[in-house]
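Colleague: I would like to learn how to read a model like this one, feature by feature. Could you take me through it?

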Amino acid sequence: MKSAAIREAFIRYFEGKGHTHVASSSLVPGNDPTLLFTNAGMVQFKDAFLGREKRNYVRAVSSQRCVRAGGKHNDLENVGYTARHHTFFEMLGNFSFGDYFKRDAITFAWEFLTSPEWMAIPAEKLWVTVYADDDEAYQIWHQEVGVPAERMVRIGDNKGEKYASDNFWSMGDTGPCGPCTEIFYDHGEDVFGGPPGSPDEDGDRYIEIWNNVFMQFNRDADGTMTALPAPSVDTGMGLERISAVMQHVHSNYEIDLFQNLITATAKILNVSDLEHTSLRVIADHIRSCAFLVSDGVMPSNEGRGYVLRRIIRRAARHGNKLGADVAFFHKLVAPLALEMGETYPELVTRQAQIEKVLLQEEEQFAKTLEQGMKILEQSLEGLNTQQIPGEIVFRLYDTYGFPVDLTADIAREKDLSLDLDGFETAMEAQRTRARSASNFKVELSDELALEGETVFNGYTELAEDVTVTAILRDGE
Ligand code: ATP
Ligand code: MG
Ligand code: MG
Ligand code: MG
């Protein structure tokens, strides 16, 4: 079953259950300046959930384009390392605005996944988690649906618990919140990983495919929870993950859509090893970059534009690793439009514009990428620690336009880490110099560059990479 057919089946199934099909909204959230990118299907419905906005339907279904790079949900660091994370993905979701609740949500999900008319997934491959004390959800799954206790796990809210799982969702520190129930697919014992809630849950054997959130409470500023008068449902299922299940492959990168993109990339770069991780990373990155540009984001040194710039440069670096010596990334917009243009016609109508933006960024970075890589290689040769010195990280950043997370990506491939303290010290010194130098109108990057080097024209805004180092530290 092709991913396009799965997307359509999902929408058809929920339309049959009285849901209104709502188109995907932009990756740039229209109603929430605090959110970097649309990262879930519920984002465009936030005000409907909060009761601030009345819609002429109480049930909705959508296939929402999402980006999880930067911000609260950041999966950029996972790309190339797990079978299931992308920077861009599509989230299939059904929503109830004060209409149906746990029983219907659970039985809809189960019917769609297991009914022979729909996905026909063997029930014994599916595992279910519920929130630790959500007995109601447990009983529905166990007694009404018939999921055996040995494939059900109760998961807490990750406060003081050992593992990463968290089955309590909230919109923010205050506001609607409630327990989740998640459905996992067991990809079999050939793959490393333990069931949800176990020490090896971060492996890729048991993959979470669908999350159902039951908005049940309102939390106020002092933490008091009161029951919502009309509880709601918000769900999300990754299209690429359910496609992997339906296409009997383990990794999302093996599904039809990604295989076509990977093949196209390999052809453009003249690479024969179709399994190469860099091909996967590039295939992932072209989707987020093309859709971000299509939704109006432009590469820049701050905010959303800086996330876009970082992703493009990471893609360029992976291309460089595969031997690319000319700009290639923009050439992938065409195969992407071929693959996804039917669902997202704007990819076709804006193709030329997207190509132009990507090409320009690629060309700008190409001027310094090669030299920056040389500097890095040289410094690695003499290295007697497991850390890349902060001055090198800073020099790459400031003179060669290597965002810190890009250098971290290279470091990780070599089992090295970055001296982030050293980087921040160098950055601070730069700021001090900038303050005094600006009095004399000296070009900073000229001042720092060595003779004969091509000079990256410097970031005007240094603050963003401090945020990035914070994210990198978070993962330490
Ligand atoms: P995981 O635990 O695997 O990181 P999650 O719990 O962060 O997933 P949710 O926030 O619950 O994911 O999002 C709902 C669904 O969206 C997930 O069940 C999954 O199918 C899909 N999904 C989430 N993040 C990604 C991603 N980075 N790439 C592809 N699909 C994703
Ligand atoms: Mg996640
Ligand atoms: Mg999860
Ligand atoms: Mg989840």
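Modeller: Gladly, and keep in mind that this is a predicted model. Let us begin with a metal site: the donor residues of the magnesium ion (ligand 4) follow the sequence spacing E-x25-E-x2-N.

Colleague: Which residues are the protein donors of the magnesium ion (ligand 4)?

Modeller: They are E182 (OE), E208 (OE) and N211 (ND2), and they lie 2.2 to 2.7 Å from the ion. Water is not among the atoms, so a site may look incomplete. Strand β7 (residues 175-186) holds E182 and strand β8 (residues 206-219) holds N211, so this pair ties together parts that are 29 residues apart in sequence.

Colleague: Are E182 and N211 buried or exposed?

Modeller: Both are buried. Next, look for a second ion: the magnesium ion (ligand 3) is 3.3 Å from the magnesium ion (ligand 4), and E208 coordinates both.

Colleague: How should I read the surroundings of a bound molecule, and how many residues surround ligand 1?

Modeller: Start with the shell, then turn to individual contacts. There are 15 residues around ligand 1, and the closest are D75, H85, E208, N211 and G238. By character, the shell divides into five nonpolar, five polar and five charged residues.

Colleague: Which element supplies the largest share of the shell around ligand 1?

Modeller: That is β8, with four residues. At least two residues of the shell come from each of β3 (88-96), β8 and β9 (225-238).

Colleague: And the individual contacts?

Modeller: An oxygen atom of ligand 1 sits 2.8 Å from an N or O atom in the side chain of E208. For the side chain of R84, an N or O atom is 2.9 Å from an oxygen atom of the ligand. With H86 the partner is a polar backbone atom, 2.9 Å from a nitrogen atom of ligand 1. As for cover, the protein takes up 86% of the 580 Å² of accessible area that ligand 1 has on its own.

Colleague: Moving to the protein interior, which residues touch the most other members of the largest nonpolar core?

Modeller: F291, F329, M340, L347 and L358 do, in a core of 48 residues. Two or more residues each come from α6 (256-269), α7 (277-294), α8 (303-321), α9 (333-340) and α11 (351-381). The most come from α7, which gives ten.

Colleague: How do I judge whether a helix is covered?

Modeller: Count its buried residues, meaning those under 20% relative accessible area. In helix α12 (residues 390-400), nine of eleven residues are buried. Among them are I392, V393, F394 and L396. Just after α12, G401 has a positive phi of about 70°.

Colleague: Which residues that are not glycine should I check for a positive phi?

Modeller: One is A120, with a phi of about 55°. A120 is in the loop between α3 (102-114) and β4 (126-131), and is partly exposed at a relative accessible area of 40%. Another is D415, with a positive phi of about 60°. D415 belongs to the loop between α13 (404-413) and β11 (417-418), and its relative accessible area of 65% makes it exposed.

Colleague: What about E381, buried or exposed?

Modeller: E381, in helix α11, is exposed, with a relative accessible area of 70%. To get a feel for distance, compare its C-alpha atom with that of F217: the two are 57 Å apart, with their positions 164 residues apart along the chain.

Methods: Residues numbered from 1 in each chain as written. Chains lettered and ligands numbered in written order. Predicted model: local features only at pLDDT ≥ 70, side-chain atom pairs only at ≥ 80, totals over all residues. Heavy atoms only, no water. Donors = N, O, S within 2.8 Å, 3.2 Å for Na, K, Ca; no water. Buried < 20%, exposed > 50% of the residue type's maximum accessible area, 1.4 Å probe, protein only. Near = heavy atom within 4 Å. Polar contact = N/O pair within 3.5 Å; in protein donor to acceptor, adjacent residues only side chain to side chain. Areas by Shrake-Rupley, 256 points an atom, 1.4 Å probe, with all protein chains shown as cover. Nonpolar A, V, L, I, M, F, W, Y, C, P; charged D, E, K, R; others polar. Core = buried A, V, L, I, M, F, W, Y, C linked by side-chain atoms within 4.5 Å.
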